[in-house]
Amino acid sequence: MHRPTNRLVPGRQASGVFSFLLLGVFALLSLLLVLIGAQVYQRVISSAKAHGEARAGLSYLIHKVPAYDTAGGVQIAAGAQGDMLVFTETRGETPYQVCIYEADGALYEYYGPAGEQADLSLGEKIVEAHDFTLEQREPGLLYIALTDSSGQRRGVHVRINSAPASLSG
């Protein structure tokens, strides 16, 4: 009868250590790949969010301007924290104003009676945005620009058909 011996075979011991090391390297590289993928995914999502915010804000303004494109309906005013886009309209016999302005790193909209001191603290947040600027490039052409949360500056030109020579109020 043959009895098993307790002697270790040199080739088998080295093969077991090599297999264990190979498995460890595979596990570490897999973990590294997951971490790199998570970072790339986070950057893509962050960039898409910032791009989407800027597009939403500019799109909102692009569509808001023609809605108030009447004589004197669109003006640029100086607000407490920079430029302010002011739209005016009359409902019944009461004039109202819509003020779009930047405060605390976001674009806000305030709607209230015209002619009164606007309480801008009651404004509604539209989107995250910084450095909101308005510029009349030529009569009837308004340039609107803002910086999104990723720091990228974006701007658009909007034609105002009923604009006077100057939009400054």
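In this predicted model, E102 touches Q81, L107, A129, H130, D131 and F132, with residues up to four places away in sequence left out of the count. E102 belongs to strand 3, which spans residues 94–103. Its side chain is buried yet takes part in no salt bridge; R153, the nearest side chain of opposite charge, is 8.4 Å away. The points below place E102 within the fold and then turn to the cores, the charged pairs and the backbone.

**Overall fold**

- The protein chain contains 1 helix and 8 strands, arranged along the sequence in the pattern α-β-β-β-β-β-β-β-β.
- Of the 169 residues in the protein chain, 30% are buried.
- The protein chain exposes about 11,300 Å², and carbon and sulfur atoms account for 58% of that area.
- Where contacts in the protein chain join residues at least 6 apart in sequence, 34% of them link residues at least 24 apart.

**Nonpolar cores**

- In soluble globular proteins, nonpolar side chains tend to be buried together.
- The largest nonpolar core here comprises 22 residues, and V65, L85 and I144 have the most contacts inside it.
- At least two residues of this core come from each of helix 1, strand 1 (74–79), strand 2 (82–91), strand 3, strand 6 (130–138), strand 7 (141–147) and strand 8 (153–159).
- Helix 1 makes the greatest contribution to this core, supplying 4 residues.
- A second core, separate from the largest one, has 8 residues, including M84, V86, C99 and Y108.

**I144 and R154**

- Beyond its neighbours within four places in sequence, I144 is in contact with L58, L61, V65, L85, F132, T133, L134, R154, G155, V156 and V158.
- V65 and L85 thus appear among the contacts of I144, and these two residues are also named with I144 as having the most contacts inside the largest core.
- R154 is found in strand 8 and counts as buried because its relative accessibility is 15%, under the 20% limit for that class.
- The contacts of R154, leaving aside neighbours within four places in sequence, are H51, A54, L58, I144, A145, L146 and D148.
- L58 is therefore listed as a contact of R154 as well as of I144.
- The C-alpha atoms of R154 and I144 are separated by 8.5 Å, with the two residues 10 apart along the chain.

**Nonpolar surface patch**

- V25, L29, L32, I36, V40 and V44 form a nonpolar patch on the surface, and together they have about 520 Å² of accessible area.
- I36, one of the residues of this patch, lies in helix 1, which covers residues 10–67.
- I36 counts as partly exposed because its relative accessibility is 43%.

**Salt bridges**

- Side chains of opposite charge can pair when their charged atoms come close.
- The whole structure holds 7 salt bridges.
- One of them joins K64 to E109, with the closest N and O atoms 3.0 Å apart.
- Because K64 lies in helix 1 and E109 in strand 4 (residues 106–113), this pair ties together parts that are 45 residues apart in sequence.
- K64 and E109 are both buried, as is E102, which by contrast has no salt bridge.
- E89 forms a salt bridge with R91, the closest N and O atoms being 3.3 Å apart.
- E89 counts as buried because its relative accessibility is 19%.
- K125 pairs with E128 in a salt bridge whose closest N and O atoms are 2.3 Å apart.
- K125 is partly exposed at 47% relative accessibility, and E128 is likewise partly exposed, with a relative accessible area of 27%.

**Positive phi angles**

- D104 has a phi near 55°, a positive value in a residue other than glycine.
- D104 sits in the loop between strand 3 and strand 4, and it counts as exposed because its relative accessibility is 70%.
- D131, which is not a glycine, also has a positive phi, of about 50°.
- D131 lies in strand 6 and is partly exposed, with a relative accessible area of 43%.
- D131 is also one of the residues that E102 touches.

Note on methods:
Residues are numbered from 1 along each chain as its sequence is written. This is a predicted model: local features need pLDDT of at least 70, side-chain atom pairs count only at pLDDT 80 or more; totals for chains, interfaces and linings use all residues. Side-chain values use heavy atoms; hydrogens and water are left out. Buried means under 20% relative accessible area, exposed over 50%, partly exposed in between (1.4 Å probe, protein chains only). Lys and Arg count as positive and Asp and Glu as negative; His and the chain ends are not counted. A salt bridge is a side-chain nitrogen of Lys or Arg within 4 Å of a carboxyl oxygen of Asp or Glu. Contact means heavy atoms within 4.5 Å. Patches are made of residues with over 30% relative accessible area and no salt bridge: like charges are joined within 9 Å, nonpolar side chains (Val, Leu, Ile, Met, Phe, Trp, Tyr) within 5 Å. Accessible areas come from the Shrake-Rupley method with a 1.4 Å probe; for residues, only the protein chains shown count as cover. A nonpolar core is a set of buried Ala, Val, Leu, Ile, Met, Phe, Trp, Tyr and Cys residues joined through side-chain atoms within 4.5 Å.
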